[in-house]
Amino acid sequence: MHPILFEIGPITIYSYGFFIAAAILLALAVGIRQAGKKGLEAQLGSDLGFYLILSAIVGSRILYVLLKPEYFLSHPLQIVQFWKGGLVFVGGAIAAVAVGALYLRSKGQPFWQWADAFAPGIALGQGVGRIGCFMAGCCYGKETELPWAVTFTHPLSLAPLHVPLHPTQIYHSLAGFFTFFLILVSRRWLKGAGQLFGLFLAAYGSLRFVIEFYRGDFRGHLAMFSITQWMALAALAAGVIVIVLRWRSA
(Lines give C-alpha, C1' and ligand atoms only; values in the text may rest on other atoms or scores of the structure.)
Protein backbone atom coordinates (compact mmCIF):
# COMPACT_ATOMS: atom_id res chain seq x y z
CA MET A 1 0.00 0.00 0.00
CA HIS A 2 2.29 2.76 1.32
CA PRO A 3 5.76 1.42 2.20
CA ILE A 4 6.97 4.94 3.02
CA LEU A 5 4.90 6.67 5.68
CA PHE A 6 6.43 10.11 5.14
CA GLU A 7 9.70 11.85 4.32
CA ILE A 8 11.26 14.86 6.01
CA GLY A 9 14.18 16.07 3.94
CA PRO A 10 16.74 13.24 3.87
CA ILE A 11 14.89 11.31 6.59
CA THR A 12 12.60 8.51 5.44
CA ILE A 13 10.11 6.96 7.86
CA TYR A 14 9.09 3.51 6.65
CA SER A 15 5.55 2.39 7.47
CA TYR A 16 6.72 -1.06 8.52
CA GLY A 17 9.26 0.25 10.99
CA PHE A 18 6.80 2.79 12.40
CA PHE A 19 4.07 0.24 13.12
CA ILE A 20 6.52 -2.33 14.47
CA ALA A 21 7.88 0.31 16.87
CA ALA A 22 4.33 1.26 17.88
CA ALA A 23 3.47 -2.41 18.43
CA ILE A 24 6.54 -2.96 20.61
CA LEU A 25 5.86 0.09 22.78
CA LEU A 26 2.20 -0.84 23.16
CA ALA A 27 2.99 -4.45 24.07
CA LEU A 28 5.57 -3.29 26.61
CA ALA A 29 3.19 -0.77 28.20
CA VAL A 30 0.39 -3.33 28.53
CA GLY A 31 2.80 -5.96 29.88
CA ILE A 32 4.22 -3.67 32.58
CA ARG A 33 0.72 -2.56 33.58
CA GLN A 34 -0.48 -6.15 33.89
CA ALA A 35 2.64 -7.08 35.87
CA GLY A 36 1.85 -4.32 38.37
CA LYS A 37 -1.70 -5.60 38.75
CA LYS A 38 -0.35 -9.06 39.51
CA GLY A 39 1.87 -7.72 42.26
CA LEU A 40 5.08 -8.42 40.37
CA GLU A 41 8.14 -6.19 40.54
CA ALA A 42 6.97 -3.92 37.74
CA GLN A 43 10.27 -2.00 37.75
CA LEU A 44 11.84 -5.09 36.21
CA GLY A 45 9.40 -4.79 33.33
CA SER A 46 11.47 -2.22 31.46
CA ASP A 47 14.64 -4.32 31.64
CA LEU A 48 12.75 -7.46 30.73
CA GLY A 49 11.05 -5.61 27.89
CA PHE A 50 14.39 -4.47 26.50
CA TYR A 51 15.71 -8.03 26.34
CA LEU A 52 12.46 -9.33 24.90
CA ILE A 53 12.39 -6.67 22.18
CA LEU A 54 16.02 -7.19 21.20
CA SER A 55 15.77 -10.98 21.13
CA ALA A 56 12.43 -10.90 19.29
CA ILE A 57 13.77 -8.66 16.52
CA VAL A 58 16.94 -10.73 16.11
CA GLY A 59 15.11 -14.06 16.23
CA SER A 60 12.34 -13.04 13.83
CA ARG A 61 14.83 -11.58 11.37
CA ILE A 62 17.07 -14.64 11.49
CA LEU A 63 14.16 -16.94 10.68
CA TYR A 64 13.06 -14.66 7.83
CA VAL A 65 16.58 -14.74 6.36
CA LEU A 66 16.79 -18.51 6.75
CA LEU A 67 13.57 -18.89 4.78
CA LYS A 68 15.10 -16.96 1.86
CA PRO A 69 18.79 -17.98 1.86
CA GLU A 70 19.42 -17.56 -1.86
CA TYR A 71 18.13 -13.99 -1.90
CA PHE A 72 20.13 -12.84 1.11
CA LEU A 73 23.30 -14.56 -0.08
CA SER A 74 23.01 -12.32 -3.12
CA HIS A 75 22.03 -9.26 -1.05
CA PRO A 76 23.91 -9.63 2.26
CA LEU A 77 23.65 -5.95 3.21
CA GLN A 78 19.86 -6.25 3.34
CA ILE A 79 20.00 -8.80 6.15
CA VAL A 80 19.95 -6.03 8.77
CA GLN A 81 17.39 -3.81 7.02
CA PHE A 82 14.41 -5.22 8.95
CA TRP A 83 12.66 -1.83 9.12
CA LYS A 84 11.73 -2.20 5.45
CA GLY A 85 9.84 -5.43 6.11
CA GLY A 86 10.73 -9.01 6.86
CA LEU A 87 10.20 -10.36 10.38
CA VAL A 88 8.77 -13.80 11.16
CA PHE A 89 6.81 -13.72 14.41
CA VAL A 90 7.47 -17.37 15.24
CA GLY A 91 11.23 -16.87 15.23
CA GLY A 92 10.94 -13.82 17.44
CA ALA A 93 8.60 -15.59 19.86
CA ILE A 94 10.97 -18.53 20.31
CA ALA A 95 13.94 -16.24 20.93
CA ALA A 96 12.00 -13.95 23.27
CA VAL A 97 10.65 -16.81 25.41
CA ALA A 98 14.12 -18.34 25.74
CA VAL A 99 15.82 -15.05 26.65
CA GLY A 100 12.95 -13.99 28.91
CA ALA A 101 13.06 -17.28 30.82
CA LEU A 102 16.81 -16.96 31.37
CA TYR A 103 16.50 -13.36 32.54
CA LEU A 104 13.64 -14.07 34.95
CA ARG A 105 15.47 -17.08 36.34
CA SER A 106 18.54 -14.97 37.00
CA LYS A 107 16.34 -12.52 38.95
CA GLY A 108 14.47 -15.21 40.85
CA GLN A 109 11.17 -14.16 39.26
CA PRO A 110 8.14 -16.42 38.55
CA PHE A 111 8.22 -17.11 34.81
CA TRP A 112 4.58 -18.11 34.38
CA GLN A 113 3.18 -15.03 36.07
CA TRP A 114 5.31 -12.76 33.94
CA ALA A 115 4.31 -14.73 30.85
CA ASP A 116 0.65 -14.18 31.71
CA ALA A 117 1.30 -10.47 32.23
CA PHE A 118 2.86 -10.02 28.81
CA ALA A 119 0.50 -12.34 26.87
CA PRO A 120 -2.28 -9.80 26.15
CA GLY A 121 0.22 -7.09 25.20
CA ILE A 122 1.98 -9.41 22.75
CA ALA A 123 -1.33 -10.26 21.09
CA LEU A 124 -2.32 -6.59 20.88
CA GLY A 125 1.11 -5.69 19.53
CA GLN A 126 0.77 -8.34 16.87
CA GLY A 127 -2.50 -6.81 15.75
CA VAL A 128 -0.88 -3.37 15.39
CA GLY A 129 2.38 -4.63 13.91
CA ARG A 130 0.64 -6.49 11.11
CA ILE A 131 -0.70 -3.18 9.85
CA GLY A 132 2.92 -2.40 9.06
CA CYS A 133 3.09 -5.63 7.06
CA PHE A 134 0.06 -4.50 5.09
CA MET A 135 1.57 -1.10 4.39
CA ALA A 136 4.88 -2.62 3.26
CA GLY A 137 3.31 -5.46 1.29
CA CYS A 138 5.20 -8.25 3.02
CA CYS A 139 3.46 -11.43 4.23
CA TYR A 140 1.15 -11.12 1.22
CA GLY A 141 -1.55 -13.58 0.21
CA LYS A 142 -2.39 -15.72 -2.79
CA GLU A 143 -4.28 -14.41 -5.77
CA THR A 144 -8.04 -14.30 -5.29
CA GLU A 145 -11.20 -12.90 -6.83
CA LEU A 146 -12.90 -12.30 -3.49
CA PRO A 147 -14.50 -8.85 -3.11
CA TRP A 148 -12.12 -7.87 -0.28
CA ALA A 149 -9.01 -8.66 -2.31
CA VAL A 150 -6.30 -5.98 -2.30
CA THR A 151 -4.08 -4.87 -5.17
CA PHE A 152 -0.63 -3.45 -4.49
CA THR A 153 0.61 -0.80 -6.90
CA HIS A 154 3.47 0.98 -5.12
CA PRO A 155 6.81 0.11 -6.78
CA LEU A 156 8.51 -0.37 -3.40
CA SER A 157 5.88 -2.83 -2.22
CA LEU A 158 7.14 -6.31 -1.33
CA ALA A 159 3.98 -7.90 -2.70
CA PRO A 160 3.34 -8.78 -6.38
CA LEU A 161 1.97 -5.71 -8.14
CA HIS A 162 -1.32 -5.20 -9.98
CA VAL A 163 -2.89 -8.53 -9.02
CA PRO A 164 -5.73 -9.04 -6.49
CA LEU A 165 -4.46 -10.84 -3.40
CA HIS A 166 -5.79 -12.16 -0.12
CA PRO A 167 -5.14 -9.44 2.50
CA THR A 168 -3.42 -11.95 4.78
CA GLN A 169 -1.77 -9.13 6.71
CA ILE A 170 -5.23 -7.96 7.78
CA TYR A 171 -6.19 -11.55 8.63
CA HIS A 172 -3.15 -11.69 10.92
CA SER A 173 -3.99 -8.32 12.43
CA LEU A 174 -7.57 -9.33 13.20
CA ALA A 175 -6.27 -12.58 14.68
CA GLY A 176 -4.05 -10.59 17.02
CA PHE A 177 -6.88 -8.32 18.16
CA PHE A 178 -9.18 -11.33 18.62
CA THR A 179 -6.56 -13.12 20.73
CA PHE A 180 -6.11 -10.00 22.86
CA PHE A 181 -9.81 -9.80 23.71
CA LEU A 182 -10.01 -13.58 24.18
CA ILE A 183 -7.27 -13.40 26.82
CA LEU A 184 -8.96 -10.51 28.62
CA VAL A 185 -12.31 -12.31 28.72
CA SER A 186 -10.74 -15.61 29.81
CA ARG A 187 -9.02 -14.14 32.87
CA ARG A 188 -12.06 -14.90 35.02
CA TRP A 189 -11.81 -18.64 34.27
CA LEU A 190 -8.10 -19.29 33.76
CA LYS A 191 -6.66 -18.59 37.19
CA GLY A 192 -3.61 -20.85 37.16
CA ALA A 193 -0.30 -19.09 36.53
CA GLY A 194 0.71 -19.69 32.93
CA GLN A 195 -2.73 -20.52 31.60
CA LEU A 196 -3.26 -17.17 29.89
CA PHE A 197 0.09 -17.56 28.18
CA GLY A 198 -0.95 -21.06 27.16
CA LEU A 199 -4.17 -19.63 25.74
CA PHE A 200 -2.15 -17.11 23.75
CA LEU A 201 0.00 -19.89 22.29
CA ALA A 202 -3.02 -22.03 21.43
CA ALA A 203 -4.97 -19.18 19.85
CA TYR A 204 -1.97 -17.88 17.92
CA GLY A 205 -1.00 -21.34 16.70
CA SER A 206 -4.46 -22.30 15.50
CA LEU A 207 -5.19 -19.00 13.77
CA ARG A 208 -1.73 -18.81 12.20
CA PHE A 209 -2.08 -22.37 10.89
CA VAL A 210 -5.32 -21.50 9.08
CA ILE A 211 -4.13 -18.16 7.70
CA GLU A 212 -1.02 -19.82 6.26
CA PHE A 213 -3.20 -21.61 3.69
CA TYR A 214 -3.88 -18.20 2.12
CA ARG A 215 -0.29 -16.90 2.17
CA GLY A 216 1.31 -16.37 -1.20
CA ASP A 217 4.92 -15.73 -0.20
CA PHE A 218 7.31 -18.65 0.00
CA ARG A 219 7.49 -20.09 3.51
CA GLY A 220 9.39 -23.29 2.84
CA HIS A 221 7.54 -26.61 2.84
CA LEU A 222 7.89 -29.84 4.76
CA ALA A 223 5.55 -32.58 3.57
CA MET A 224 1.99 -31.23 3.30
CA PHE A 225 2.44 -27.99 5.26
CA SER A 226 4.69 -24.95 5.26
CA ILE A 227 7.46 -24.71 7.83
CA THR A 228 5.61 -21.96 9.67
CA GLN A 229 2.48 -24.13 9.76
CA TRP A 230 4.42 -26.85 11.53
CA MET A 231 5.67 -24.22 13.97
CA ALA A 232 2.10 -23.01 14.44
CA LEU A 233 0.97 -26.55 15.23
CA ALA A 234 3.81 -26.81 17.74
CA ALA A 235 2.64 -23.56 19.36
CA LEU A 236 -0.93 -24.87 19.49
CA ALA A 237 0.17 -28.13 21.10
CA ALA A 238 2.42 -26.31 23.57
CA GLY A 239 -0.42 -23.98 24.51
CA VAL A 240 -2.84 -26.81 25.21
CA ILE A 241 -0.22 -28.65 27.26
CA VAL A 242 0.55 -25.52 29.30
CA ILE A 243 -3.15 -24.87 29.99
CA VAL A 244 -3.74 -28.46 31.14
CA LEU A 245 -0.60 -28.76 33.26
CA ARG A 246 -1.02 -25.37 34.89
CA TRP A 247 -4.69 -26.17 35.54
CA ARG A 248 -3.64 -29.24 37.48
CA SER A 249 -1.01 -27.21 39.28
CA ALA A 250 -3.57 -24.58 40.22
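Does Thr 151 count as buried, exposed or partly exposed, and what is its relative accessibility? In this predicted model, Thr 151 counts as partly exposed because its relative accessibility is 35%, between the 20% limit for buried and the 50% limit for exposed.

**View 1. Thr 151 and its place in strand β3.** Here we start with the residue from the opening question. Thr 151 belongs to strand β3, which covers residues 150-151. Gly 137 also appears in this view: 14 residues separate it from Thr 151 in sequence, and their C-alpha atoms are 9.8 Å apart in space. Gly 137 follows helix α5 and has a positive phi, near 90 degrees.

**View 2. The hairpin of β1 and β2.** Strand β1 takes in residues 4-8 and strand β2 residues 11-14, and the two pair in the antiparallel sense over 4 bridges. Follow the pairing across the strands: Phe 6 has Ile 13 of β2 as its bridge partner, and Ile 8 stands opposite Ile 11 in β2. The hairpin leaves 2 residues between its strands, and Gly 9 in the turn shows a positive phi of about 60 degrees.

**View 3. Helix α5, with a bend at Phe 118.** Helix α5 runs through residues 111-136, 26 residues in total. At 1.5 Å a residue it should span 38 Å, and its end C-alpha atoms lie 35 Å apart, which agrees. Look along the helix for Phe 118, where α5 bends by about 35 degrees; a proline, Pro 120, follows within four residues. The helix is mostly covered, with 21 of its 26 residues buried.

**View 4. Cysteines without a disulfide.** How many disulfides does a search of the whole structure find? The search gives 0. Cys 133 is in no disulfide, and the nearest cysteine sulfur, that of Cys 138, is 3.8 Å away. Cys 139 is in no disulfide either; for this residue the nearest cysteine sulfur is again that of Cys 138, 3.9 Å away. A disulfide would need the two sulfur atoms within 2.5 Å. Cys 133 counts as buried because its relative accessibility is 3%. Cys 139 counts as buried too, at 8% relative accessibility.

**View 5. The largest pocket and its lining.** About 1,000 Å³ of space lies in this pocket. Its lining is made up of 41 residues, and those nearest the centre are Ala 56, Phe 89, Gly 92, Ala 93 and Ile 122. Which helices each supply at least two residues of the lining? They are α1 (15-37), α2 (44-67), α4 (89-106), α5, α7 (195-212) and α8 (227-249).

**View 6. Gly 91 in helix α4.** Now turn to a glycine of α4. Gly 91 is placed in this helix, and it is buried because its relative accessible area is 10%, under the 20% limit. Val 240 gives a second point for orientation: it is 149 residues from Gly 91 along the chain, and their C-alpha atoms are separated by 20 Å.

**View 7. Helix α7, largely enclosed by the rest of the structure.** This helix has 18 residues and reaches 25 Å from its first C-alpha to its last. That is close to the 26 Å expected at 1.5 Å a residue. Of the 18 residues of α7, 15 are buried, so the helix is largely enclosed by the rest of the structure.

Key: Residues numbered from 1 in each chain as written. Predicted model: local features only at pLDDT ≥ 70, side-chain atom pairs only at ≥ 80, totals over all residues. Heavy atoms only, no water. Expected span 1.5 Å × (residues − 1). Bend = angle between axes of the 7 residues up to and from the residue. Buried < 20%, exposed > 50% of the residue type's maximum accessible area, 1.4 Å probe, protein only. Pairing = 2+ DSSP bridges. 1 Å grid on protein atoms, 1.4 Å probe; cavity = no way out; pocket = protein on both sides within 12 Å on 5 of 7 lines; lining within 4 Å. Points joined across faces, edges and corners; volume = space filled by probe spheres on them.
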